[in-house]
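Biologist: Hello! Could you walk me through this protein step by step, as you would for someone new to structures?
Modeller: Happily. Let us look at it together and take one topic at a time.

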Amino acid sequence: MTTLFGTADFAIGMRESVSRVRLFDGPLDLSWHHCATTSDFIADVFALRFQSSRNDYREVRHSIGYLVNELIENAVKFRAPGEITIEAAIESESFKIKVSNVVDVETTAKFQNLLSEITAGDPGELLIQRIEENAADPQTKNSGLGLLTLMSDYGASLAWVFSPADERDQVRLETYASILVSSETYN
């Protein structure tokens, strides 16, 4: 059974102008270093079209880099063994990304509960509430702060699709995100 959380309208596949990167398990293992390196690379590539304005380029590069890094870090942190696929494109005035990986059933249930909480209200108010909860209890895990920051501070639209994976007790997770990246957004 396939389950969707978030905004479905942009989570239906990207057009022909998609760029794809795959991170594979291997002798080096996937780590935080790979997240930062990959997100910097993707941000550099997609911000190039804004290089005529130094301010636009820096803002677009930062926004894309933050978004991509957050999604890849989550995929690395919570994944079951296997590759992570990143697909990205700029369509119209939006940067769109899809990060695909496999998670176990227990992680799926916890993440779906978190998504039910953080998609139910105003992202800005929920972000403040979660920051206060984390300050009161620093041991809090899986708070959703990164996702709430993307929605509140970066205006990201997010969606998650959970579907059966090839392996038993695993679920394919596709995380979709979209942010505005036009020159007018930064002026």
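Biologist: Is β5 largely enclosed by the rest of the structure or not, and how many of its eight residues are buried?
Modeller: Keep in mind that this is a predicted model. A residue counts as buried when its relative accessible area is under 20%. β5 is largely enclosed by the rest of the structure, because the number of its eight residues that pass as buried is six.

Biologist: Which strand joins β5 through eight bridges?
Modeller: β5 covers residues 157-164 and β6 covers 170-180. The two form a hairpin with five residues between them. Eight bridges link them in the antiparallel sense, so to speak strand to strand, and the partner of β5 here is β6.

Biologist: Which residue in β6 is the bridge partner of A159?
Modeller: β5 and β6 run antiparallel. Within that pairing, A159 has its bridge partner in β6, and the residue is Y176.

Biologist: Which residue in the turn of that hairpin has a positive phi?
Modeller: The turn belongs to the hairpin of β5 and β6, with five residues between the strands. The phi in question is about 65 degrees, and the residue is D169.

Biologist: What stands opposite L4 in β5?
Modeller: β1 and β5 pair in the antiparallel sense, over four bridges. In β5, the residue that stands opposite L4 is V161.

Biologist: In what order do the six strands form the open sheet?
Modeller: Strands of a sheet pair through backbone hydrogen bonds, either parallel or antiparallel. Here the pairing is antiparallel, and the order is β1-β5-β6-β4-β3-β2.

Biologist: Which are the edge strands?
Modeller: Look for strands that pair on one side only. One covers residues 3-6 and the other 19-23, and they are β1 and β2.

Biologist: How many degrees does the twist average from one strand to the next?
Modeller: The sheet is an open one with six strands. From one strand to the next, its twist averages 15 degrees.

Biologist: What is the bridge partner of R22 in β3?
Modeller: β2 is joined to β3 (residues 84-91) by five bridges, and these strands run antiparallel. In β3, the partner of R22 is T85.

Biologist: Which helix lies across β1, β4, β5 and β6?
Modeller: The helix covers residues 105-118 and runs at about 140 degrees to β4. β4 itself covers 94-104. The helix that lies across these strands is α3.

Biologist: Is α3 roughly parallel or roughly antiparallel to α5?
Modeller: Two packed helices are described by the angle between their axes and the distance between the axes. The axes of α3 and α5 come within 11 Å and cross at roughly 30 degrees. Angles under 35 degrees count as roughly parallel. That makes the relation of α3 to α5 roughly parallel.

Biologist: How many nonpolar residues are in the contact of α3 with α5?
Modeller: In this contact, F111, L115 and I118 of α3 meet L147, L148 and M151 of α5. There are no polar and no charged residues here, and the nonpolar ones number six.

Biologist: Is α2 roughly parallel or roughly antiparallel to α5?
Modeller: The axes of α2 and α5 come within 10 Å and cross at roughly 155 degrees. Angles over 145 degrees count as roughly antiparallel. That makes α2, with respect to α5, roughly antiparallel.

Biologist: How many charged residues does the contact of α2 with α5 have?
Modeller: α2 brings Y66, L67, E70, L71 and N74 to the contact, and α5 brings G146, L147, T149 and L150. By class, five are nonpolar and three are polar, and the number of charged residues is one.

Biologist: What covers the buried residues of α5?
Modeller: Helix α5 spans residues 145-153, and its buried residues are G146, L147, L148, T149, L150 and M151. Their cover includes β5 and the helices α2, α3 and α4.

Biologist: Is G65 buried or exposed?
Modeller: G65 lies in helix α2 and touches S39 and A43, leaving aside residues up to four places away in sequence. Buried means a relative accessible area under 20%. The value for G65 is 10%, so G65 is buried.

Terms used. Residues numbered from 1 in each chain as written. Predicted model: local features only at pLDDT ≥ 70, side-chain atom pairs only at ≥ 80, totals over all residues. Heavy atoms only, no water. Pairing = 2+ DSSP bridges. Axes fitted to C-alpha atoms, helices over the stretch in contact; angles between N-to-C directions. Contact = heavy atoms within 4.5 Å. Buried < 20%, exposed > 50% of the residue type's maximum accessible area, 1.4 Å probe, protein only. Parallel < 35°, antiparallel > 145°, perpendicular 65-115°, else oblique. Nonpolar A, V, L, I, M, F, W, Y, C, P; charged D, E, K, R; others polar.
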